[in-house]
Amino acid sequence: MDPQLCVTPRRKRTWAPGSITNAYSSKRRRISMASVDWGRELAPEAEPTTVSDHTTADRFISARQEFALPLNTTPRTNRIARVFGLADERVLKYGESSGTSDSSDLHLHRLNFSQLLAAAPKVSPTSAAAHVGTRKQFILALDGPGIPADPFAYPLSWSSLNAIAVACGREVYYQNLDTRIISHLCSLPRNYGRLSSIEWARDKPQILAAGTTSGLVQLWDAETATATREWRDEVDSIGGMNWNGGVLAVGSSGGDVALYDTREPEAVSRLTLHKVMVHGVRWSHDGNYLATGDQRGVVHFWDARAGKELTNERKKGSKMKHTAPVKALGWCPWKPDLLASGSTYPDGKIRIWSINSTSSTSAPLHTISLNTSVTSLIWSPHCKELLSTHGTSWVPRAASTSALSSSSSANQARPQPVKSPLTNSLVVHAYPSLRRLVTVQAHSGAVGHSCLGPDGTLVFTICPAEEAMKMWKVWGLPRTVERRESVFDKCGIR
(Lines give C-alpha, C1' and ligand atoms only; values in the text may rest on other atoms or scores of the structure.)
Protein backbone atom coordinates (compact mmCIF):
# COMPACT_ATOMS: atom_id res chain seq x y z
CA MET A 1 0.00 0.00 0.00
CA ASP A 2 1.19 3.42 -0.85
CA PRO A 3 2.11 5.26 2.44
CA GLN A 4 1.02 8.62 1.10
CA LEU A 5 -2.56 7.42 0.83
CA CYS A 6 -2.74 6.80 4.61
CA VAL A 7 -1.81 10.39 5.66
CA THR A 8 -4.64 12.32 7.19
CA PRO A 9 -5.22 15.42 5.16
CA ARG A 10 -4.28 18.63 7.06
CA ARG A 11 -6.88 21.32 7.27
CA LYS A 12 -5.63 24.88 7.64
CA ARG A 13 -7.16 26.62 10.65
CA THR A 14 -8.38 30.11 10.14
CA TRP A 15 -8.85 32.81 12.74
CA ALA A 16 -12.43 33.38 13.81
CA PRO A 17 -13.13 36.93 14.95
CA GLY A 18 -16.00 35.83 17.14
CA SER A 19 -13.84 34.65 19.98
CA ILE A 20 -10.37 35.71 20.97
CA THR A 21 -9.59 32.37 22.40
CA ASN A 22 -9.80 30.73 19.01
CA ALA A 23 -6.52 32.34 18.06
CA TYR A 24 -4.65 30.38 20.65
CA SER A 25 -6.59 27.34 21.69
CA SER A 26 -9.54 25.33 20.57
CA LYS A 27 -10.77 25.04 24.18
CA ARG A 28 -12.40 27.76 26.24
CA ARG A 29 -10.95 28.70 29.67
CA ARG A 30 -13.07 28.01 32.67
CA ILE A 31 -13.54 30.85 35.10
CA SER A 32 -14.73 30.30 38.63
CA MET A 33 -17.33 32.94 39.47
CA ALA A 34 -17.01 32.39 43.20
CA SER A 35 -13.28 33.37 43.33
CA VAL A 36 -13.76 36.89 41.99
CA ASP A 37 -14.75 39.89 44.20
CA TRP A 38 -16.52 42.08 41.70
CA GLY A 39 -17.02 44.87 44.23
CA ARG A 40 -13.31 45.30 44.69
CA GLU A 41 -12.41 44.77 41.08
CA LEU A 42 -14.91 47.28 39.77
CA ALA A 43 -14.12 49.99 42.35
CA PRO A 44 -12.56 53.15 40.89
CA GLU A 45 -8.81 53.43 41.35
CA ALA A 46 -7.47 56.02 43.82
CA GLU A 47 -5.79 59.05 42.30
CA PRO A 48 -2.03 59.28 42.81
CA THR A 49 -0.78 61.61 45.54
CA THR A 50 1.72 63.31 43.28
CA VAL A 51 0.75 66.30 41.26
CA SER A 52 2.41 65.14 38.12
CA ASP A 53 3.70 61.81 36.90
CA HIS A 54 6.63 63.57 35.28
CA THR A 55 9.89 63.06 37.18
CA THR A 56 13.34 64.51 36.75
CA ALA A 57 15.12 61.62 38.37
CA ASP A 58 17.56 59.43 36.57
CA ARG A 59 19.36 56.29 37.61
CA PHE A 60 21.97 58.19 39.64
CA ILE A 61 20.32 61.39 40.93
CA SER A 62 17.06 61.12 42.79
CA ALA A 63 14.29 63.56 42.08
CA ARG A 64 13.60 66.36 44.54
CA GLN A 65 10.33 66.01 46.36
CA GLU A 66 7.73 68.58 45.47
CA PHE A 67 6.41 68.69 49.02
CA ALA A 68 8.62 68.24 52.08
CA LEU A 69 7.42 65.36 54.21
CA PRO A 70 7.44 65.75 57.99
CA LEU A 71 10.66 64.50 59.55
CA ASN A 72 10.57 61.67 62.01
CA THR A 73 12.16 63.70 64.82
CA THR A 74 12.38 63.02 68.52
CA PRO A 75 11.87 65.47 71.40
CA ARG A 76 15.64 65.56 71.93
CA THR A 77 16.36 66.57 68.33
CA ASN A 78 13.63 69.18 68.55
CA ARG A 79 15.27 70.70 71.61
CA ILE A 80 18.69 70.79 69.93
CA ALA A 81 17.20 72.33 66.80
CA ARG A 82 15.46 75.04 68.83
CA VAL A 83 18.72 75.88 70.64
CA PHE A 84 20.57 76.43 67.34
CA GLY A 85 17.62 78.14 65.69
CA LEU A 86 16.93 75.36 63.20
CA ALA A 87 13.34 74.62 64.24
CA ASP A 88 11.91 78.03 63.45
CA GLU A 89 9.53 78.72 60.61
CA ARG A 90 11.72 81.61 59.47
CA VAL A 91 14.49 79.25 58.45
CA LEU A 92 12.74 78.71 55.10
CA LYS A 93 12.25 82.44 54.55
CA TYR A 94 14.64 84.76 52.79
CA GLY A 95 14.41 87.56 55.39
CA GLU A 96 14.11 87.92 59.12
CA SER A 97 11.40 89.85 60.86
CA SER A 98 12.70 93.18 62.13
CA GLY A 99 12.59 94.56 65.60
CA THR A 100 12.57 91.35 67.65
CA SER A 101 15.20 90.22 70.09
CA ASP A 102 14.53 86.57 69.26
CA SER A 103 15.81 87.06 65.72
CA SER A 104 19.15 88.42 66.97
CA ASP A 105 19.48 85.53 69.42
CA LEU A 106 18.76 83.05 66.68
CA HIS A 107 21.28 84.79 64.44
CA LEU A 108 23.93 84.45 67.15
CA HIS A 109 23.09 80.77 67.64
CA ARG A 110 23.37 80.12 63.92
CA LEU A 111 26.61 82.05 63.75
CA ASN A 112 28.08 80.08 66.64
CA PHE A 113 26.93 76.84 65.07
CA SER A 114 28.54 77.77 61.75
CA GLN A 115 31.76 78.64 63.56
CA LEU A 116 31.76 75.23 65.23
CA LEU A 117 31.49 73.57 61.82
CA ALA A 118 34.10 75.82 60.21
CA ALA A 119 37.61 74.50 59.85
CA ALA A 120 40.20 76.01 62.18
CA PRO A 121 42.73 78.26 60.41
CA LYS A 122 46.18 76.83 59.97
CA VAL A 123 48.78 78.24 62.36
CA SER A 124 52.36 78.65 61.20
CA PRO A 125 54.83 76.52 63.19
CA THR A 126 56.99 79.62 63.71
CA SER A 127 54.15 81.80 65.01
CA ALA A 128 53.74 82.63 68.69
CA ALA A 129 50.17 81.34 68.49
CA ALA A 130 51.55 77.80 68.12
CA HIS A 131 53.86 78.08 71.15
CA VAL A 132 53.26 80.57 73.93
CA GLY A 133 49.70 81.01 72.66
CA THR A 134 48.86 77.38 73.43
CA ARG A 135 51.10 76.80 76.44
CA LYS A 136 50.80 80.23 78.13
CA GLN A 137 53.33 79.16 80.74
CA PHE A 138 56.99 79.93 81.25
CA ILE A 139 59.48 77.07 80.95
CA LEU A 140 62.13 78.31 83.38
CA ALA A 141 62.24 80.68 86.37
CA LEU A 142 65.34 82.15 88.01
CA ASP A 143 65.77 84.31 91.11
CA GLY A 144 67.26 87.79 90.90
CA PRO A 145 67.53 89.42 94.33
CA GLY A 146 68.35 93.11 94.29
CA ILE A 147 67.17 93.80 90.74
CA PRO A 148 67.06 97.59 90.09
CA ALA A 149 63.56 98.94 90.67
CA ASP A 150 64.06 101.71 88.11
CA PRO A 151 61.62 101.05 85.22
CA PHE A 152 64.15 102.53 82.78
CA ALA A 153 67.00 100.22 83.82
CA TYR A 154 68.42 97.37 81.71
CA PRO A 155 69.24 94.68 84.30
CA LEU A 156 69.14 91.71 81.91
CA SER A 157 71.20 90.58 78.90
CA TRP A 158 71.49 87.33 76.91
CA SER A 159 74.69 86.50 75.02
CA SER A 160 75.15 84.48 71.85
CA LEU A 161 76.94 81.86 73.99
CA ASN A 162 73.60 81.21 75.75
CA ALA A 163 74.62 82.94 78.97
CA ILE A 164 72.02 85.05 80.79
CA ALA A 165 73.43 87.89 82.94
CA VAL A 166 71.52 89.84 85.60
CA ALA A 167 72.43 92.93 87.62
CA CYS A 168 71.64 92.54 91.31
CA GLY A 169 72.44 95.76 93.09
CA ARG A 170 76.21 96.13 92.72
CA GLU A 171 76.76 92.49 91.73
CA VAL A 172 76.62 90.84 88.30
CA TYR A 173 75.83 87.13 87.98
CA TYR A 174 75.43 85.06 84.88
CA GLN A 175 74.30 81.50 84.19
CA ASN A 176 75.26 79.27 81.30
CA LEU A 177 71.94 77.81 80.25
CA ASP A 178 73.62 74.86 78.55
CA THR A 179 75.46 73.68 81.67
CA ARG A 180 73.25 75.48 84.25
CA ILE A 181 76.37 76.75 86.02
CA ILE A 182 75.94 80.08 87.83
CA SER A 183 79.02 82.34 88.05
CA HIS A 184 79.75 85.62 89.78
CA LEU A 185 81.27 88.14 87.36
CA CYS A 186 81.96 91.33 89.29
CA SER A 187 81.18 93.42 92.35
CA LEU A 188 81.35 97.22 92.28
CA PRO A 189 82.56 99.43 95.16
CA ARG A 190 79.98 101.59 96.90
CA ASN A 191 81.34 104.83 95.49
CA TYR A 192 80.67 103.52 91.97
CA GLY A 193 76.92 103.60 92.51
CA ARG A 194 74.44 100.92 91.50
CA LEU A 195 74.23 99.09 88.22
CA SER A 196 71.71 100.57 85.79
CA SER A 197 72.49 98.80 82.50
CA ILE A 198 74.37 95.72 81.30
CA GLU A 199 74.90 94.46 77.74
CA TRP A 200 76.82 91.52 76.23
CA ALA A 201 78.94 92.28 73.15
CA ARG A 202 77.84 90.75 69.85
CA ASP A 203 81.20 90.02 68.24
CA LYS A 204 82.91 89.08 71.51
CA PRO A 205 80.17 87.40 73.54
CA GLN A 206 82.43 86.93 76.58
CA ILE A 207 82.68 90.73 77.07
CA LEU A 208 80.01 92.40 79.20
CA ALA A 209 79.51 96.17 79.41
CA ALA A 210 78.20 97.51 82.73
CA GLY A 211 76.94 101.05 83.32
CA THR A 212 76.29 102.57 86.76
CA THR A 213 74.27 105.38 88.28
CA SER A 214 77.49 107.39 88.81
CA GLY A 215 78.34 107.63 85.09
CA LEU A 216 80.87 104.79 85.02
CA VAL A 217 81.10 102.28 82.16
CA GLN A 218 83.21 99.12 82.55
CA LEU A 219 83.99 96.18 80.30
CA TRP A 220 84.32 92.77 81.99
CA ASP A 221 85.73 89.56 80.53
CA ALA A 222 83.65 86.57 81.66
CA GLU A 223 86.46 84.10 80.95
CA THR A 224 88.98 85.79 83.23
CA ALA A 225 86.51 87.70 85.48
CA THR A 226 88.57 90.88 85.11
CA ALA A 227 87.80 94.43 83.97
CA THR A 228 89.42 95.15 80.61
CA ARG A 229 88.33 98.78 80.07
CA GLU A 230 86.81 101.62 82.03
CA TRP A 231 85.27 104.89 80.88
CA ARG A 232 83.97 107.62 83.14
CA ASP A 233 81.72 110.39 81.97
CA GLU A 234 80.78 113.60 83.75
CA VAL A 235 77.13 112.63 84.02
CA ASP A 236 74.86 111.52 86.82
CA SER A 237 73.68 108.19 85.40
CA ILE A 238 74.00 105.84 82.46
CA GLY A 239 70.91 105.08 80.37
CA GLY A 240 70.59 102.53 77.60
CA MET A 241 73.57 100.82 75.95
CA ASN A 242 73.97 98.81 72.77
CA TRP A 243 76.84 97.24 70.81
CA ASN A 244 77.72 97.54 67.12
CA GLY A 245 80.82 95.47 66.54
CA GLY A 246 83.55 97.00 68.70
CA VAL A 247 81.66 100.27 69.24
CA LEU A 248 79.41 100.76 72.28
CA ALA A 249 76.72 103.47 72.18
CA VAL A 250 75.85 104.76 75.66
CA GLY A 251 73.02 107.11 76.59
CA SER A 252 73.38 109.41 79.57
CA SER A 253 71.32 111.61 81.85
CA GLY A 254 72.76 114.74 80.26
CA GLY A 255 71.25 113.97 76.86
CA ASP A 256 74.47 112.94 75.12
CA VAL A 257 75.01 109.64 73.35
CA ALA A 258 78.67 108.65 73.63
CA LEU A 259 80.33 106.21 71.23
CA TYR A 260 83.11 104.18 72.84
CA ASP A 261 85.60 102.03 70.95
CA THR A 262 87.03 99.13 72.91
CA ARG A 263 90.52 100.07 71.66
CA GLU A 264 90.34 103.69 72.79
CA PRO A 265 90.52 105.07 76.35
CA GLU A 266 88.05 107.89 75.63
CA ALA A 267 84.85 108.35 73.69
CA VAL A 268 85.48 108.55 69.96
CA SER A 269 82.33 110.57 69.24
CA ARG A 270 79.27 112.17 70.84
CA LEU A 271 75.73 112.77 69.62
CA THR A 272 74.22 115.84 71.24
CA LEU A 273 70.72 116.30 69.83
CA HIS A 274 68.89 115.18 72.97
CA LYS A 275 68.33 117.66 75.80
CA VAL A 276 67.22 115.26 78.54
CA MET A 277 68.14 111.76 79.68
CA VAL A 278 68.44 109.15 76.93
CA HIS A 279 66.66 105.93 77.95
CA GLY A 280 66.64 103.95 74.70
CA VAL A 281 69.67 103.20 72.51
CA ARG A 282 69.50 100.62 69.74
CA TRP A 283 71.63 99.82 66.68
CA SER A 284 69.98 98.29 63.63
CA HIS A 285 70.85 94.67 62.85
CA ASP A 286 73.00 95.64 59.89
CA GLY A 287 74.75 98.35 61.93
CA ASN A 288 73.82 101.15 59.52
CA TYR A 289 71.47 103.09 61.80
CA LEU A 290 71.29 104.11 65.44
CA ALA A 291 67.99 105.00 67.17
CA THR A 292 67.73 106.80 70.50
CA GLY A 293 64.77 107.82 72.69
CA ASP A 294 64.69 110.23 75.63
CA GLN A 295 62.61 111.33 78.62
CA ARG A 296 60.48 113.74 76.57
CA GLY A 297 59.48 111.13 74.01
CA VAL A 298 61.76 112.40 71.24
CA VAL A 299 63.24 109.67 69.02
CA HIS A 300 66.29 110.37 66.84
CA PHE A 301 68.18 108.15 64.48
CA TRP A 302 71.48 108.58 62.72
CA ASP A 303 72.97 107.02 59.62
CA ALA A 304 76.25 105.44 60.70
CA ARG A 305 77.43 105.19 57.08
CA ALA A 306 77.78 108.99 56.95
CA GLY A 307 81.14 108.77 58.74
CA LYS A 308 82.12 112.09 60.30
CA GLU A 309 78.81 113.65 59.37
CA LEU A 310 77.22 111.31 61.88
CA THR A 311 77.81 113.85 64.65
CA ASN A 312 77.48 117.02 62.59
CA GLU A 313 75.08 119.32 64.43
CA ARG A 314 74.24 121.28 61.28
CA LYS A 315 72.83 118.12 59.72
CA LYS A 316 70.07 117.25 62.12
CA GLY A 317 68.78 113.73 62.33
CA SER A 318 65.14 112.92 61.66
CA LYS A 319 63.02 113.49 64.76
CA MET A 320 60.04 111.35 65.73
CA LYS A 321 57.86 112.30 68.67
CA HIS A 322 55.95 110.54 71.44
CA THR A 323 54.19 112.37 74.26
CA ALA A 324 55.83 110.30 77.01
CA PRO A 325 59.27 108.85 77.86
CA VAL A 326 60.56 106.30 75.35
CA LYS A 327 62.66 103.35 76.47
CA ALA A 328 61.51 100.50 74.20
CA LEU A 329 63.13 100.48 70.75
CA GLY A 330 63.31 97.63 68.27
CA TRP A 331 64.65 97.33 64.73
CA CYS A 332 63.05 94.83 62.37
CA PRO A 333 65.53 92.10 61.29
CA TRP A 334 63.76 91.15 58.03
CA LYS A 335 62.87 94.74 57.00
CA PRO A 336 65.78 96.92 58.09
CA ASP A 337 64.01 100.26 57.55
CA LEU A 338 61.31 99.54 60.19
CA LEU A 339 61.74 100.88 63.71
CA ALA A 340 59.27 100.23 66.53
CA SER A 341 59.18 102.54 69.56
CA GLY A 342 57.09 102.28 72.72
CA SER A 343 56.29 104.85 75.38
CA THR A 344 55.10 104.92 78.98
CA TYR A 345 52.53 107.07 80.79
CA PRO A 346 50.59 109.07 79.63
CA ASP A 347 51.07 107.98 76.01
CA GLY A 348 51.18 104.19 76.21
CA LYS A 349 51.48 103.59 72.47
CA ILE A 350 53.59 101.59 70.04
CA ARG A 351 54.57 103.45 66.90
CA ILE A 352 56.20 101.88 63.87
CA TRP A 353 58.28 104.13 61.64
CA SER A 354 60.06 103.77 58.34
CA ILE A 355 63.39 105.56 58.05
CA ASN A 356 62.94 105.71 54.28
CA SER A 357 59.91 108.01 54.61
CA THR A 358 60.73 110.10 57.67
CA SER A 359 61.15 113.85 57.79
CA SER A 360 61.09 116.46 60.51
CA THR A 361 57.27 116.26 60.63
CA SER A 362 56.74 112.67 59.54
CA ALA A 363 53.92 110.49 60.83
CA PRO A 364 54.34 106.83 61.85
CA LEU A 365 53.27 104.05 59.54
CA HIS A 366 51.28 102.33 62.31
CA THR A 367 50.14 103.24 65.80
CA ILE A 368 48.92 100.79 68.45
CA SER A 369 47.12 102.46 71.36
CA LEU A 370 47.37 100.36 74.52
CA ASN A 371 47.01 102.77 77.49
CA THR A 372 49.73 100.65 79.10
CA SER A 373 53.40 101.38 79.60
CA VAL A 374 55.64 99.67 77.03
CA THR A 375 58.92 98.49 78.54
CA SER A 376 60.54 96.54 75.66
CA LEU A 377 59.99 95.59 72.01
CA ILE A 378 61.37 92.55 70.15
CA TRP A 379 60.81 91.62 66.50
CA SER A 380 60.76 87.93 65.63
CA PRO A 381 63.56 86.93 63.25
CA HIS A 382 61.54 83.97 61.93
CA CYS A 383 58.07 85.42 61.27
CA LYS A 384 56.33 88.78 60.90
CA GLU A 385 55.45 89.33 64.54
CA LEU A 386 56.31 91.92 67.19
CA LEU A 387 56.57 91.19 70.93
CA SER A 388 55.98 93.85 73.57
CA THR A 389 56.19 93.73 77.36
CA HIS A 390 54.14 95.97 79.62
CA GLY A 391 53.71 97.36 83.08
CA THR A 392 50.97 99.54 84.56
CA SER A 393 47.70 100.27 82.76
CA TRP A 394 45.63 103.40 83.32
CA VAL A 395 42.41 105.15 82.40
CA PRO A 396 42.76 107.28 79.24
CA ARG A 397 42.75 110.99 79.80
CA ALA A 398 39.61 111.49 77.72
CA ALA A 399 37.70 109.06 79.93
CA SER A 400 39.38 110.07 83.17
CA THR A 401 37.13 111.64 85.75
CA SER A 402 39.97 113.78 87.04
CA ALA A 403 40.46 115.33 83.62
CA LEU A 404 36.80 116.34 83.53
CA SER A 405 36.77 117.71 87.05
CA SER A 406 38.37 120.87 88.36
CA SER A 407 41.04 119.11 90.37
CA SER A 408 44.62 120.24 90.56
CA SER A 409 47.09 119.63 87.75
CA ALA A 410 49.18 117.42 90.02
CA ASN A 411 46.29 115.04 90.49
CA GLN A 412 45.57 115.06 86.75
CA ALA A 413 49.19 114.20 85.94
CA ARG A 414 49.06 111.22 88.27
CA PRO A 415 47.90 108.03 86.45
CA GLN A 416 44.79 106.20 87.55
CA PRO A 417 45.94 102.56 87.49
CA VAL A 418 43.42 100.00 86.32
CA LYS A 419 43.60 96.25 85.88
CA SER A 420 43.44 95.22 82.24
CA PRO A 421 44.48 92.15 80.22
CA LEU A 422 47.62 94.07 79.16
CA THR A 423 48.78 94.87 82.69
CA ASN A 424 52.17 93.22 83.44
CA SER A 425 51.77 91.14 80.30
CA LEU A 426 53.66 89.76 77.34
CA VAL A 427 51.88 90.52 74.06
CA VAL A 428 52.59 89.38 70.50
CA HIS A 429 51.23 91.40 67.56
CA ALA A 430 51.00 90.32 63.94
CA TYR A 431 52.48 92.60 61.30
CA PRO A 432 51.27 94.44 59.26
CA SER A 433 47.70 93.67 60.40
CA LEU A 434 48.64 94.59 64.03
CA ARG A 435 46.23 91.89 65.20
CA ARG A 436 46.86 90.80 68.77
CA LEU A 437 47.81 87.13 68.61
CA VAL A 438 48.83 86.30 72.17
CA THR A 439 48.37 87.99 75.55
CA VAL A 440 49.97 86.29 78.55
CA GLN A 441 50.12 87.50 82.14
CA ALA A 442 53.89 87.38 82.54
CA HIS A 443 54.43 88.58 86.13
CA SER A 444 52.50 89.87 89.11
CA GLY A 445 54.36 93.19 88.80
CA ALA A 446 55.55 95.37 85.96
CA VAL A 447 57.83 93.70 83.42
CA GLY A 448 61.06 95.68 83.63
CA HIS A 449 62.86 94.39 80.56
CA SER A 450 63.10 91.46 78.14
CA CYS A 451 65.75 90.02 75.83
CA LEU A 452 65.82 87.55 72.96
CA GLY A 453 67.78 84.30 72.99
CA PRO A 454 70.47 83.39 70.45
CA ASP A 455 68.15 81.07 68.48
CA GLY A 456 65.44 83.72 68.13
CA THR A 457 62.69 81.64 69.76
CA LEU A 458 63.16 82.10 73.53
CA VAL A 459 62.55 85.32 75.48
CA PHE A 460 63.57 86.17 79.04
CA THR A 461 61.48 88.65 81.05
CA ILE A 462 62.39 90.23 84.39
CA CYS A 463 60.26 91.71 87.16
CA PRO A 464 61.81 93.84 89.93
CA ALA A 465 58.76 93.44 92.16
CA GLU A 466 59.02 89.64 92.07
CA GLU A 467 62.85 89.65 91.91
CA ALA A 468 62.50 86.88 89.36
CA MET A 469 63.21 86.12 85.71
CA LYS A 470 61.15 83.87 83.45
CA MET A 471 61.99 82.23 80.16
CA TRP A 472 59.24 81.81 77.55
CA LYS A 473 59.08 79.72 74.40
CA VAL A 474 57.55 82.38 72.17
CA TRP A 475 58.37 81.39 68.58
CA GLY A 476 59.48 78.31 66.67
CA LEU A 477 62.29 77.64 64.25
CA PRO A 478 61.39 77.45 60.56
CA ARG A 479 61.35 74.02 59.01
CA THR A 480 64.43 73.22 56.98
CA VAL A 481 63.64 71.80 53.55
CA GLU A 482 66.31 69.50 52.23
CA ARG A 483 67.39 70.31 48.70
CA ARG A 484 66.82 67.51 46.23
CA GLU A 485 69.87 66.35 44.35
CA SER A 486 69.77 67.23 40.69
CA VAL A 487 71.48 65.51 37.80
CA PHE A 488 73.15 68.81 37.00
CA ASP A 489 74.97 68.71 40.35
CA LYS A 490 77.09 65.87 39.04
CA CYS A 491 78.00 67.71 35.86
CA GLY A 492 80.44 70.57 35.44
CA ILE A 493 80.93 73.19 32.79
CA ARG A 494 84.24 73.01 30.98
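Two strands pair if DSSP finds at least two bridges between them. In this predicted model, β15 and β16 meet that condition, with 5 bridges joining the two strands, which run antiparallel. One of the contacts across the hairpin is the bridge between Leu290 and its partner Trp302 in β16. The hairpin has 3 residues between its strands, and Gly297 takes a positive phi near 90 degrees there. Strand β16 is mostly covered, as 5 of its 6 residues are buried.

The same hairpin also carries an aromatic pair. A pair of aromatic rings is described by the distance of the centres and the angle of the planes. A search of the whole structure finds 10 aromatic pairs. In one of them, the ring centres of Tyr289 and Phe301 are 6.4 Å apart and the planes stand at 70 degrees; planes over 60 degrees apart count as edge-to-face, so this pair is edge-to-face. Tyr289 belongs to strand β15 (residues 289–294) and Phe301 to strand β16 (residues 298–303), so the pair ties together parts that are 12 residues apart in sequence. Tyr289 and Phe301 are both buried. Ring pairs also bring in Trp331, linking Tyr289, Phe301 and Trp331 into a cluster.

Another edge-to-face pair is formed by Trp334 and Trp379, at 5.6 Å centre to centre and with 90 degrees between the planes. Trp334 lies in the loop between β18 (326–331) and β19 (338–343), while Trp379 lies in strand β22 (residues 372–379), so this pair ties together parts that are 45 residues apart in sequence. Buried means under 20% relative accessible area. Trp379 has 4% relative accessibility and therefore counts as buried, whereas Trp334, at 29%, counts as partly exposed.

Aromatic rings also meet charged side chains. The charged end of Arg232 sits over the ring of Tyr192, 5.7 Å from the ring centre. Lys327 lies over the face of Tyr154, and here the distance to the ring centre is 4.8 Å.

The remaining topic is the nonpolar interior. The largest nonpolar core has 17 residues, and those with the most contacts inside it are Val172, Tyr174, Leu185, Leu195, Ile198, Trp200 and Leu208. At least two residues of this core come from each of β3 (163–168), β4 (171–176), β5 (181–187), β6 (195–200), β7 (207–212) and β8 (216–221). Leu208 can serve as a point of entry to the core. Leaving aside neighbours within four places in sequence, Leu208 is in contact with Val172, Leu185, Ile198, Glu199, Trp200, Gln218, Leu219 and Trp220.

Conventions. Residues are numbered from 1 along each chain as its sequence is written. This is a predicted model: local features need pLDDT of at least 70, side-chain atom pairs count only at pLDDT 80 or more; totals for chains, interfaces and linings use all residues. Side-chain values use heavy atoms; hydrogens and water are left out. Rings of Phe, Tyr and Trp (its six-membered ring) pair if their centres lie within 6.5 Å; planes under 30 degrees apart count as stacked, over 60 as edge-to-face and the rest as tilted. Helices (H or I, at least four residues) and strands (E, at least two) are DSSP runs, numbered from the N terminus. Buried means under 20% relative accessible area, exposed over 50%, partly exposed in between (1.4 Å probe, protein chains only). A charge sits over a ring if NZ of Lys or CZ of Arg is within 6 Å of the ring centre and within 35 degrees of the ring normal. A nonpolar core is a set of buried Ala, Val, Leu, Ile, Met, Phe, Trp, Tyr and Cys residues joined through side-chain atoms within 4.5 Å. Contact means heavy atoms within 4.5 Å.
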